Amino acid sequence: MTIIEQGGAAVPQAVPDLIKEATTQTFVKDVIEESKRQPVLIDFWAPWCGPCKQLTPILEKVVKGAKGKVKLVKMNIDEHPAIPGQMGIQSIPAVIAFVNGQPADGFLGALPEGQVADFIARITKDKLGGEAQDLLKIAEETLAAGNAAEAVELYAEILQEEPGSVPALAGLARAYVQTDALEQAKETLALVPEAKRNEAAVAAARSALEVAEQAKSVGPVGELEQQVAANPLDHQARFDLAVALSAAGKRQEAADHLLEIVKRDRKWTEDGARKQLVQFFEAWGPTDEATLNGRRKLSSILFS
């Protein structure tokens, strides 16, 4: 075992083929491609981050204990800001699990060893039985196709068999949001155990709910479009239009309006347009086309 310096502290470096440092240039190879063989955790950290120093040894210990079922890739966001910027990482430590080339789950903050172990166990081995896992996949596909009412029934069926299934609870909350049943969505999210409320699926459902609630306070799309057409520099009208468009399912248009604000005035309301855009990305999910296109465009603006 060798010792490396991270943030001024000596940190044990585990077996090289299980744990490595990644750069912007090696991200695709080390994370995307490697996750097609087994799950890969990417740990976004920085030398000045105290909780990062607490989490890193725990991550390394649990990954080593998993005996090759998962790999760990660490990325210093100060040296390599492009990837975390594209993924909408706003606070660290942030750990994202990639499975089959896609983000699958994640958490924020320095969790204790037991919770990290539970997280890794979940991504390396399905907690749901085979039948429930198949039904979960069908529910996700049904929701993605826009059949939210049918998805509600499917998620509810899963929860009858597996009441503690966090993916099913998160999916049910998102389905409720799409059917405008916001109170039911809140009640569903309240059923998620406190220790699991930072998981990516739960955070996405929570963001979707927040965006839906925001849309209730803005004007009709047509009126807002007229305001923006009359005064393209009316950033508040453009911001409200983006929220309304997102609620109407016009995600790419919503993202483009927020990107326009970022391009014109990055500091407007303390970087409010970019923060709202990141919340959209979280609500829409990492593989949504509008999220992927929006992140590419945002990265081009921020790092050009």
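This note goes through the sheet, three helix contacts and some single residues of a predicted model.

1. **Sheet order.** Five strands form an open sheet in the order β3-β5-β4-β6-β7, and the pairing is mixed. The edge positions belong to β3 (19-21) and β7 (102-108); each has a single partner strand, so one side of each is left without a neighbour in the sheet. From one strand to the next, the twist averages 20°.

2. **Parallel part of the sheet.** β3 and β5 run parallel and are joined by 3 bridges. Within this pair, glutamate 21 has lysine 74 in β5 as its bridge partner. The pairing of β4 with β5 is also in the parallel sense, here over 6 bridges. Leucine 72 in β5 stands opposite leucine 41.

3. **Antiparallel pairing.** Where does the sense of pairing become antiparallel? It does so between strand β4 (residues 40-45) and strand β6 (residues 94-99), which are linked over 5 bridges. Valine 95 in β6 has aspartate 43 opposite. As a general point, strands of a sheet pair through backbone hydrogen bonds, and the sense may be parallel or antiparallel.

4. **Strand β5.** This strand covers residues 71-76, and 6 of its 6 residues are buried, so the rest of the structure largely encloses it. Lys71, Val73 and Met75 point one way from β5, while Leu72, Lys74 and Asn76 point the other way; all are buried. The buried set therefore includes Lys71 and Lys74. Lys74 is also the residue bridged to glutamate 21.

5. **Helix on the sheet.** The antiparallel pair β4 and β6 is also part of a helix contact. Helix α4 (residues 113-124) packs on the sheet and touches β4, β6 and β7. The direction of α4 makes about 165° with that of β7.

6. **Helices α7 and α8.** How are α7 and α8 oriented relative to each other? Helix α7 (residues 166-178) packs against helix α8 (residues 182-190) at an angle of about 170°, and their axes are 8 Å apart. At that angle, which is over the 145 degree cut-off, α7 and α8 are roughly antiparallel to each other. The crossing of α7 past α8 is left-handed. From α7, the residues in contact are Leu169, Leu172, Ala173, Tyr176 and Val177; from α8, they are Leu182, Gln184, Ala185, Thr188 and Leu189. By class, this contact has 8 nonpolar and 2 polar residues, with no charged residues.

7. **Threonine 188.** This residue is in helix α8. Is threonine 188 buried or exposed? Its relative accessibility is 5%, so threonine 188 counts as buried. Leaving out residues up to four places away in sequence, threonine 188 touches Leu169, Leu172, Ala173 and Tyr176. These four residues are among those that α7 brings to its contact with α8.

8. **Helices α9 and α13.** The axes of helix α9 (residues 200-215) and helix α13 (residues 272-284) come within 7 Å and cross at roughly 125°. The two helices are therefore oblique to each other, and their crossing is left-handed. On the α9 side, the contact is formed by Ala203, Ala204, Ser207, Ala208, Glu210, Val211 and Gln214; on the α13 side, by Gln276, Gln279, Phe280, Glu282 and Ala283. The class count for this contact is 6 nonpolar, 4 polar and 2 charged residues.

9. **Leucine 258.** Helix α12 (residues 251-264) holds leucine 258. With 0% relative accessibility, leucine 258 counts as buried. Which residues does leucine 258 contact, leaving aside its neighbours within four places in sequence? They are Phe239, Ala242, Ala273, Gln276, Leu277 and Phe280. Gln276 and Phe280 also belong to the α13 side of the contact with α9. Alanine 273 is 15 residues from leucine 258 along the chain, and their C-alpha atoms are separated by 5.4 Å.

10. **Isoleucine 138.** Helix α5 (residues 130-144) contains isoleucine 138. The relative accessible area of isoleucine 138 is 43%, so it is partly exposed. Between isoleucine 138 and glycine 222 the C-alpha to C-alpha distance is 36 Å, and the two are 84 residues apart in sequence.

Technical notes. Residues numbered from 1 in each chain as written. Predicted model: local features only at pLDDT ≥ 70, side-chain atom pairs only at ≥ 80, totals over all residues. Heavy atoms only, no water. Pairing = 2+ DSSP bridges. Axes fitted to C-alpha atoms, helices over the stretch in contact; angles between N-to-C directions. Contact = heavy atoms within 4.5 Å. Parallel < 35°, antiparallel > 145°, perpendicular 65-115°, else oblique. Left-handed = near helix turned anticlockwise from the far one by under 90°. Nonpolar A, V, L, I, M, F, W, Y, C, P; charged D, E, K, R; others polar. Buried < 20%, exposed > 50% of the residue type's maximum accessible area, 1.4 Å probe, protein only.
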